[in-house]
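Reader: I've got the model open and would like to know what stands behind the labels. Can you take me through the reasoning?

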Amino acid sequence: PMKLRDAPSACPSLWRCLPCPPAELRLDLVLSSGQTFRWWESSPGAWTGVLGGRVWTLRQDRDRLWYTVYSEEGEHEEEEQDGCSAKAAKLDGSETDRILRDYFQLDVGLSALYRAWEAADPLFRKVAKDFPGVRVLRQDPVECLLSFICTSNNHISRITAMIERLCQAFGTRLCCIDARPFHAFPSLSALTGSASPCRCHPSWPHLRPPTSFCCVPAGTDAEARLRALGFGYRAKFVSGSARAIIEGLGAEGLCQLRTAPYAEARKVLCALPGVGAKVADCVCLLSLDKAEAVPVDTHVWHITRQRYGMALGGRSLTPRTYQEIGDFFRGLWGPQAGWAQAV
């Protein structure tokens with residue numbers, strides 16, 4: 001079985017690095033912020049998760065972003081004398097560099113954006129010094145959409161556990177590291193068909209739902225199985241949106257919304273089961289290249305009223321108020337308002 005590589009000193013030949021100062025990226029602030037739910041701090045300063053159908057461990061050291069990618073289960077591995085997998089070392093480094101640069105959008109100069117936002121907004125200036133290097137991720141649109149459908153009336157730790165159960169039950173197993181199995185995010189077809197036998201793993205009970213939820217017989221439809229895994233009312237929205245995408249624009253069409261205008265992409269998303277304005281804006285911002293999308297919830301609504309003194313009619317977050325808040329921050333922070341709001 002493979003062991004976790006938590007630093008470049010562990011199998012140095014299997015690590016690569018990209019130039020990336022902390023002002024441009026802080027892994028600890030970005031990967032734990034609720035933008036994504038597939039990373040965990042596997043040891044102090046090291047983050048392990050699934051990206052692009054592979055398992056990665058990331059670490060920052062001064063002005064460098066270090067990473068290692070694990071081999072897939074079933075790949076033939078020859079063990080070197082230091083216990084490192086020779087097969088894993090042969091991954092195309094230029095391709096893994098590209099995947100990571102794309103995921104963290106490292107071509108976007110964050111320091112310059114911070115300076116512009118600080119000049120435009122004294123309140124942002126006060127916050128920014130405590131939260132440097134907060135970038136917006138560029139995620140797979142299907143994974144982002146179905147993950148954020150699970151966020152309604154929920155909190156990060158519970159969402160993370162739900163997404164892990166989703167991947168264990170419906171996703172392809174990638175590898176096992178230190179007795180922990182890792183799975184790819186499920187395909188749309190996996191979430192619309194009948195289930196295979198349950199693959200819950202006894203070594204990680206904190207990721208399992210209560211005992212009464214497991215195990216669900218093979219042949220159970222996806223929505224029923226999601227309910228059995230503790231998804232509640234979200235089950236019909238996850239399976240329903242997966243089915244709607246398959247029967248409609250398809251995964252490729254969803255990805256092509258990256259080139260559509262923001263308003264159009266948002267409208268398409270809001271037509272899917274379980275997708276309201278906030279979820280649509282999260283997906284637009286975090287996977288569809290809509291940097292102007294500003295997700296608004298009651299917390300943002302209160303901040304807008306109390307700290308920015310914006311006069312908002314009514315005592316609740318109505319669709320009209322939602323739009324007014326988004327427009328306010330787009331006017332204040334400019335075309336990358338969604339990035340500023342992430343800080």
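Author: Sure. Keep in mind that this is a predicted model. Let's begin with a pair: Thr48 stands opposite Thr57 in strand 4.

Reader: How do you know that strand 3 and strand 4 are paired?

Author: Two strands pair if DSSP finds at least two bridges between them. Strand 3 (residues 46–51) and strand 4 (residues 54–61) are joined by 6 bridges, so they pass that cut-off. They run antiparallel.

Reader: And what order do the strands of the sheet come in?

Author: The order is 1-5-4-3-2, in an open sheet of 5 strands with antiparallel pairing.

Reader: Why do strand 1 and strand 2 count as edges?

Author: Strand 1 (15–19) and strand 2 (39–43) each have a single partner strand, so each has one side without a neighbour in the sheet. As for the twist, it averages 30° from one strand to the next.

Reader: What lies across those strands?

Author: That's helix 2 (residues 93–103), which lies across strand 1, strand 2, strand 3, strand 4 and strand 5 (64–69). Helix 2 runs at about 50° to strand 1.

Reader: On to the pockets. What makes up the lining of the largest pocket, by class?

Author: Its lining has 28 nonpolar, 13 polar and 5 charged residues. The pocket has a volume of about 1,300 Å³. Of the 46 residues that line it, Pro295, Asp297, His299, Val300 and Gln341 lie nearest its centre. Among the elements giving two or more residues to this lining are helix 4 (122–128), helix 12 (298–306) and helix 14 (337–342).

Reader: Which helix gives the most to that lining?

Author: Helix 11, with 6 residues.

Reader: Which domains does the lining of the largest pocket draw at least three residues from?

Author: Domain 1 (8–72 + 92–108) and domain 2 (139–195 + 218–290) each supply at least three.

Reader: What about the second largest pocket: which residues are closest to its centre?

Author: Leu51, Gly52, Gly53, Asp140 and Glu143, out of 16 that line it. Its volume is about 330 Å³. Strand 3 and helix 2 are the elements giving two or more residues to the lining, and helix 2 gives the most, with 4. Here, too, at least three residues come from each of domain 1 and domain 2.

Reader: How many residues of each class does the lining of the second largest pocket have?

Author: There are 6 nonpolar, 4 polar and 6 charged residues. Glycine counts as polar in this scheme, so Gly52 and Gly53 go with the polar residues of that lining.

Definitions and conventions: Residues numbered from 1 in each chain as written. Predicted model: local features only at pLDDT ≥ 70, side-chain atom pairs only at ≥ 80, totals over all residues. Heavy atoms only, no water. Axes fitted to C-alpha atoms, helices over the stretch in contact; angles between N-to-C directions. Contact = heavy atoms within 4.5 Å. 1 Å grid on protein atoms, 1.4 Å probe; cavity = no way out; pocket = protein on both sides within 12 Å on 5 of 7 lines; lining within 4 Å. Points joined across faces, edges and corners; volume = space filled by probe spheres on them. Domains from an automatic or database assignment.
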